[in-house]
Amino acid sequence: MSNAKVEADESTQPNIWDSLVNLVGDKLLIDESLFKNIKQQFKNSKNKGQTELPSIAVAFPQIYEIESNRRQFRPLFTINVSPIFEGNYRSSGWDLTQYEFQPVIPNLMQWYGLEEEAAESLVTREGLKVFLETTFNRPFKTLQDFMGLIELPPFPVRSKLLPYLLDFDYTAFNYHLKKDFQKISEQSYFQWARPGYPAYEYLFGQPKPPQHDVVFLGAFPNSLPDDYQAQALKHSQLNSITAVIGPPGNGKTTLLLHKIAQQVVSRAVELATTGRDRSNLTVVTSTNNFAVKNVEKILASNLTSDRFYLSGGSKDLVESQVLPSLQAALDWLTKETFNHDEWESAQQQLLAGVQQIETYKKQDEDNLQEKSADEQLLEELYRDIQSVESAMKTSLVKPSSLESSRDYSRFPLEAYQQIGQYLDSARRSLARVDYWQNKSKNDNWFVQLVQTIKRFWHSITKNSPHHILKRLHKQIEMPVLATLATPFPFSNPTNN
């Protein structure tokens, strides 16, 4: 979570920028000079090899107190805009509804009377606008409108209806625990303060990467675990301590219910497969009663009996309610008889379900092996394609200097089209090879007579080959002359 209080530092590296920043509609506008200045901080951090880059957020409106002659800003929520400084400047601004936000619960409680129970049910998973509307009960169209509608805390709290940027490089939640534990571990009589111990590893050890091939059995029936919840459930199967951190409404309570279901199913599977029984007792505790009551409420709405869980609380509550409920459950167990038929039926169903899961695991392993083989084949094919492409590039013949230097924009297209039309017309007018020319020599007198008649007819109609070629020469004379003045001259076939 973000810091509830951020002290303005006016040194060479400020952590509050309350000017040159504006909000228009849903968009954040930043002066270009300020943008470049903050962007340079990101570049400097990268150049120095720092693993953690600056964390820049925007908050509005400006709410601060004066303590020790310094302003102490108290954001109601923070919107993480660090990603914008990884890109280029936008004069049109950045849509703030597209970025992640976090409510700052202590300030909402102090200035706007948010109850501890209500803080656990804030609507944080439907976007910034829905969160603001449901938290402040103020309908609005744009974030700029919201800033004008919100009620500001009275004096001595100072406020301005303007956005501001802040470096919320907040201290990790376990920072102070680490400092305390460091002092404890230096004392020799605390033998448990050593590497390998769960608490020590939690505070000082390096987080282990998630193992996605772990299969967890069991989930609470009200909803399926999402990817983050599944990752935590898998982690809890392999580690003695699993820490999950998140703002209200992000599914921590549902995750706890899934963990309870996981333990119940794991116990049942072990009992069905090995005959050994073990306790799956789960203790749910919290700093406020609302969180525990919320778990009890969900259990009651999904379970057919209240004998599966017991409420806790103060000593008086335990004596007046918890112990009588426990005694009633024990009395019920002594009266009930064990139904072997129901147990065997449930056992068979459970084992069939486990066997189906094992089948899916085996199929998944086979698919992964096949995928690995396909990826290897794909890599080989890719190398072959690269080799072929390289060979093709080396074998390509470069165009001649003559072809590359010719300017086809000067090609006499219209002249060549006219020449082509006249050539086609002349070809159709020329006589084909006569049938009678292929006759035997006994018919020569008849062939000669026919040829004489045809020549006489062609001379009268001027359709002899001589007349056709002479007329063609005259027709294409001008188009041919038009091509001679270009780099693409036409050779007259009648010259041959």
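**Exercise 1. Locate Leu 20 in this predicted model, and classify it as buried, partly exposed or exposed.**

Solution. Begin with the position along the chain: Leu 20 sits in the loop that runs between strand E2 (16-17) and E3. Turn next to the backbone, where Leu 20 shows a positive phi of about 65° although it is not a glycine. For the classification, the relevant cut-offs are under 20% relative accessible area for buried and over 50% for exposed, with partly exposed in between. Because its relative accessibility is 48%, Leu 20 counts as partly exposed.

**Exercise 2. Carry out the corresponding analysis for Asn 137: where does it lie, and what is its phi?**

Solution. Asn 137 is placed in the loop between H4 and H5. Its phi is near 55°, which is a positive value in a residue other than glycine. The last step concerns accessibility: Asn 137 is exposed because its relative accessible area is 62%.

**Exercise 3. Which residues does Gln 144 contact, when neighbours within four places in sequence are left aside?**

Solution. First place the residue: Gln 144 belongs to helix H5, and with a relative accessible area of 36% it is partly exposed. With the sequence neighbours within four places left aside, the contacts of Gln 144 are Leu 23, Val 24 and Gly 25. A further check uses C-alpha atoms: those of Gln 144 and Lys 27 are separated by 8.5 Å, while the two residues are 117 residues apart along the chain. To set this pair in context, consider the protein chain as a whole, in which residues 24 or more positions apart account for 65% of the contacts with a separation of 6 or more.

**Exercise 4. Find the cis peptide bonds that precede Pro 61 and Pro 156, and state which loops hold these prolines.**

Solution. Take Pro 61 to begin with: the peptide bond from Phe 60 to Pro 61 is cis, with omega near -5°, and Pro 61 is found in the loop between E5 and strand E6 (62-67). Then take Pro 156: a cis peptide bond with omega of about 20° joins Phe 155 to Pro 156, and Pro 156 lies in the loop between H5 and strand E11 (158-160).

**Exercise 5. How many bridges join E8 to E5, and how many join E8 to E10?**

Solution. On the side of E5, two bridges make the connection to E8, and these two strands run antiparallel; within this pairing, Val 58 has Ile 79 in E8 as its bridge partner. On the side of strand E10 (residues 101-103), three bridges join E8 to its partner, again in an antiparallel arrangement. Here Phe 77 stands opposite Pro 103 in E10.

**Exercise 6. Which members of the largest nonpolar core touch the most other members, and which elements give two or more residues to this core?**

Solution. The largest nonpolar core has 40 residues, of which Ile 79, Val 81, Phe 85 and Leu 165 touch the most other members. The elements that give two or more residues to this core include strand E3 (21-24), strand E4 (27-30), helix H1 (32-47), strand E5 (56-59) and strand E8 (77-80); also among them are helices H2 (105-112), H4 (128-136) and H5 (143-149). Now follow one member in detail: not counting residues up to four places away in sequence, Val 81 touches Leu 28, Ile 56, Ala 57, Val 58, Leu 96 and Leu 165. A second core, separate from this one, has ten residues, including Val 6, Ala 8, Tyr 64 and Tyr 164. As background, nonpolar side chains tend to be buried together in soluble globular proteins.

**Exercise 7. Describe helix H8, and decide whether Gln 229 is buried or exposed.**

Solution. Start with the span of the helix: H8 has twelve residues and reaches 17 Å from its first C-alpha to its last, close to the 16 Å expected at 1.5 Å a residue. At the N-terminal end, Asp 226 acts as the cap of H8, with a side-chain oxygen 3.2 Å from the backbone nitrogen of Tyr 228. Gln 229 lies in H8 (residues 227-238) and counts as buried because its relative accessibility is 7%. The buried residues of H8 are Gln 229, Ala 230, Ala 232, Leu 233, Lys 234 and Ser 236, and helix H9 (252-274) is included in what covers them. Finally, apart from neighbours within four places in sequence, Gln 229 is in contact with Leu 224, Gly 251, Thr 254, Leu 255 and His 258.

Conventions. Residues numbered from 1 in each chain as written. Predicted model: local features only at pLDDT ≥ 70, side-chain atom pairs only at ≥ 80, totals over all residues. Heavy atoms only, no water. Helix = DSSP H or I, 4+ residues; strand = E, 2+ residues; numbered from the N terminus. Buried < 20%, exposed > 50% of the residue type's maximum accessible area, 1.4 Å probe, protein only. Contact = heavy atoms within 4.5 Å. Core = buried A, V, L, I, M, F, W, Y, C linked by side-chain atoms within 4.5 Å. Expected span 1.5 Å × (residues − 1). Polar contact = N/O pair within 3.5 Å; in protein donor to acceptor, adjacent residues only side chain to side chain. Pairing = 2+ DSSP bridges.
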